[in-house]
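Please look through the sequence and the model shown below, and then work through the exercises that follow, each of which comes with a solution in steps.

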Amino acid sequence: MSSDPSDPCARCPDPDVAAPQVDPLRFRQVVGRFATGVAVVTTVAGGVDHGMTVNAFTSVSLDPLLVLFCVDRTARFHDVVLDTGVWAVSVLTEDMEDASRWFATRGRPLDDPLRGWERRRGAATGAAIFAGAVAALECRTHAVHDGGDHSIVVGEVLALDVPDPSGKPLIFYEGEYRGIA
């Protein structure tokens, strides 16, 4: 711990002191009380589309324009998206719960990865962008950080779109999908 009062970690706990044990199930219950939007991150590698549902997605910076999402290190999508270095984010509408569930399914078949959802190719990345999304971003990987069993993928925003300006976002809260009333 620093004794310099201008140091932002001057009051941070000593990293050498063991943290109290927190029950992982209780952790999931507590953080699940933070309502999040739901998005599908996509990329294309060797002409094959890949995608994954995320709710750990957020803006990071305005200068430069940066966003991030988190991806489990054991997910098939992890290595593919890191290798391609470009990806798109489609923020889902409340009527796209089926897409969210499909892209959240571990071990799903890869023979028809986008299963007929209407989409277009992003001009900046070539990644799929869902036509019914309330928002879409195309990104180039800016940095990857260790996040325990996940990687934190920070992307520079290359392009923006609002495919469905009248759509209402899909929300995830307490382990359930919801909409905005």
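**Exercise 1.** Determine whether C70 is buried, partly exposed or exposed, and do the same for C139.

*Solution.* C70 has a relative accessible area of 23%, and buried means under 20%, exposed over 50% and partly exposed in between, with a 1.4 Å probe and protein chains only; C70 is therefore partly exposed. C139, at 0% relative accessibility, counts as buried. The model is a predicted one, in which local features need pLDDT of at least 70 and side-chain atom pairs count only at pLDDT 80 or more, while totals for chains, interfaces and linings use all residues. Residues are numbered from 1 along each chain as its sequence is written, and side-chain values use heavy atoms, with hydrogens and water left out.

**Exercise 2.** Work out how many disulfides there are.

*Solution.* A disulfide is a pair of cysteine sulfur atoms within 2.5 Å, and by this rule the count is zero. C70 takes part in no disulfide, its nearest cysteine sulfur being that of C139, 14 Å away. Seen from C139, the closest cysteine sulfur is in C70, and because 14 Å separates the two, they are too far apart for a bond.

**Exercise 3.** Find the strands that pair with β10, where pairing requires at least two bridges found by DSSP, and strands are DSSP runs (E, at least two residues) numbered from the N terminus.

*Solution.* Begin with strand β5 (residues 65–72), which runs antiparallel to strand β10 (residues 150–161) and is joined to it by seven bridges; here C70 stands opposite I152. Next, strand β9 (residues 135–147) pairs with β10 in the antiparallel sense over eleven bridges, with L137 opposite L160. Finally, β9 and β10 form a hairpin with two residues between them, and G148 in the turn has a positive phi of about 70°.

Notes
Helix = DSSP H or I, 4+ residues; strand = E, 2+ residues; numbered from the N terminus.
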